[in-house]
Every structure is written in C-alpha cells, then in structure tokens.
Amino acid sequence: MEHVNGWFFLVNIATGFALAIDAFSASLANGLGEPRMKTRKMCLISGMFALFQCAMPFIGWVLITCFSTFFPFIETLIPWVALLLLGFLGAKMIIEGVKNKEEEAKALCAFSVLLLQSVATSIDALSAGLTLSEYGYNWAEALLACVIIGIVTFITCMIGVFIGKKGGSRLSGKASILGGAILIIIGLEIFITSWF
C-alpha cells in the first residue's frame with residue numbers, strides 16, 4: 001500500500017465529510033420525523049447511510065477502472081435518480097405531516113424507505129470513484145479509502161439524527177413537513193449542482 005500515509009487519511013476523511021453532507025441532511029430529516037427514536041434505530045439509519053456511502057465510491061472505482069467506456073452514461077443518470085427518489089420521499093413526508101398522522105410519518109423511517117434514502121443520497125458518490133482512480137489506488141487502497149468514507153459518514157449521520165430528534169421534539173407534529181422539505185432540497189441540490 002504505497003499511497004497509505006497521513007495525507008491518504010486526511011484526503012479521505014475530508015472526502016467523507018464532503019460526501020456525507022446529503023446523508024447528514026437526510027438523517028436530520030429522519031430525526032425530525034421521529035423525535036422518540038431509539039438508539040438502535042439511530043445506529044441502523046447511520047449504518048445504512050455509511051454502508052452505501054462506502055460502497056458507491058468503490059463501485060465507481062471498479063466501473064472507472066474496468067468499464068470506463070460505460071461510466072459517462074451512468075454518470076448522467078445519477079442526478080435524475082437522486083431527484084426522483086428524494087422528491088418522492090420528501091413529498092410523502094410532507095403529505096403525512098400535513099395530515100398530522102404521526103404513525104404514518106414514523107413509517108417513513110421504515111427499512112425500505114431508509115434503503116431508498118441511502119441509495120438516493122449516496123448515488124452521486126459513484127463519481128468519487130473517479131477521484132480514487134486518479135490517485136492511482138489499487139483495489140486494497142481504494143477499499144480502505146471507502147471504509148474511511150463510511151466511518152466518517154456514520155459519525156456524521158449519528159450527529160444528524162440526534163440534532164433532528166432534539167428539533168423534532170420541539171416542533172410538535174409538524175417536524176415531518178420540515179423533514180420532507182429537507183429531502184426535496186437535497187434532491188434539487190444534487191440535480192442542480194450536477195450541471196455546473
């Protein structure tokens with residue numbers, strides 16, 4: 001592992017923070033939607049986001065290393081997928097918040113929804129695989145870089161859920177509206193910034 005040194009860790013911790021911003025915001029939205037969330041569920045949410053933020057750059061690295069001709073086509077689909085998934089989930093949260101159905105709002109943190117959120121917020125991390133390949137990492141170094149990104153994401157998302165829970169308990173039933181708006185904003189941000 002010729003590239004593994006202090007700079008390697010610093011670069012990938014910074015990359016992890018940059019990639020975790022959307023996952024942090026989604027975690028915040030989940031915390032807002034369920035102010036009484038247990039620690040186990042907080043870990044599940046953070047773990048799911050971390051898993052996908054770890055996996056996507058590695059998948060991107062594999063695609064760019066082995067199938068570089070297909071990567072530009074895949075890269076053009078990323079913002080559309082993120083916008084559609086996060087827009088749908090955000091709108092659903094807002095509708096349930098307007099109806100003031102707390103139990104249905106809680107269901108928005110169900111495993112299947114969490115899976116969609118994890119994919120939507122991490123899909124743009126596929127492009128980070130390009131950065132990993134530019135550094136000339138071999139598969140072990142690329143995997144280690146992705147694990148560092150995953151660890152940073154887990155910590156960041158735990159903080160997001162915790163802050164969301166605290167805010168959600170003060171917003172008395174309307175927190176899921178704010179949470180839904182956050183998800184829609186994340187989707188729009190991913191979509192708009194992909195064109196600039």
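The questions below concern a predicted model and the reasons behind some of its labels.

Q: What is the overall pattern of the chain, in helices and strands?
A: The chain has eight helices and zero strands, and along the sequence it reads α-α-α-α-α-α-α-α.

Q: Why is the contact of Glu34 and Lys41 called a salt bridge?
A: A side-chain nitrogen of Lys must lie within 4 Å of a carboxyl oxygen of Glu. For Glu34 and Lys41 the N to O distance is 3.0 Å, so the pair meets the rule. The count by this rule comes to one salt bridge.

Q: Why is Glu34 called buried?
A: Buried means under 20% relative accessible area. Glu34 has 9%, so Glu34 is buried.

Q: Why does its partner Lys41 count as partly exposed?
A: The partly exposed class runs between 20% and 50%. Lys41 is at 23% relative accessibility, and therefore falls in that class.

Q: What makes Ile159 eligible for a nonpolar surface patch?
A: A patch residue needs over 30% relative accessible area. Ile159, in helix α7 (residues 139-168), has 45% and so passes. The patch, of about 760 Å², also includes Trp139, Leu143 and Phe162.

Q: How do you know that Asn5 caps α1?
A: A side-chain oxygen of Asn5 lies 3.0 Å from the backbone nitrogen of Trp7, at the N-terminal end of α1. The limit for a polar contact is 3.5 Å, so this pair qualifies.

Q: Where does α1 bend, and by how much?
A: Helix α1 (residues 6-33) bends by about 45° at Ala20.

Terms used
Residues numbered from 1 in each chain as written. Predicted model: local features only at pLDDT ≥ 70, side-chain atom pairs only at ≥ 80, totals over all residues. Heavy atoms only, no water. Helix = DSSP H or I, 4+ residues; strand = E, 2+ residues; numbered from the N terminus. Expected span 1.5 Å × (residues − 1). Bend = angle between axes of the 7 residues up to and from the residue. Polar contact = N/O pair within 3.5 Å; in protein donor to acceptor, adjacent residues only side chain to side chain. Patch = residues over 30% accessible without salt bridge, like charges linked within 9 Å, V, L, I, M, F, W, Y side chains within 5 Å. Areas by Shrake-Rupley, 256 points an atom, 1.4 Å probe, with all protein chains shown as cover. Buried < 20%, exposed > 50% of the residue type's maximum accessible area, 1.4 Å probe, protein only.
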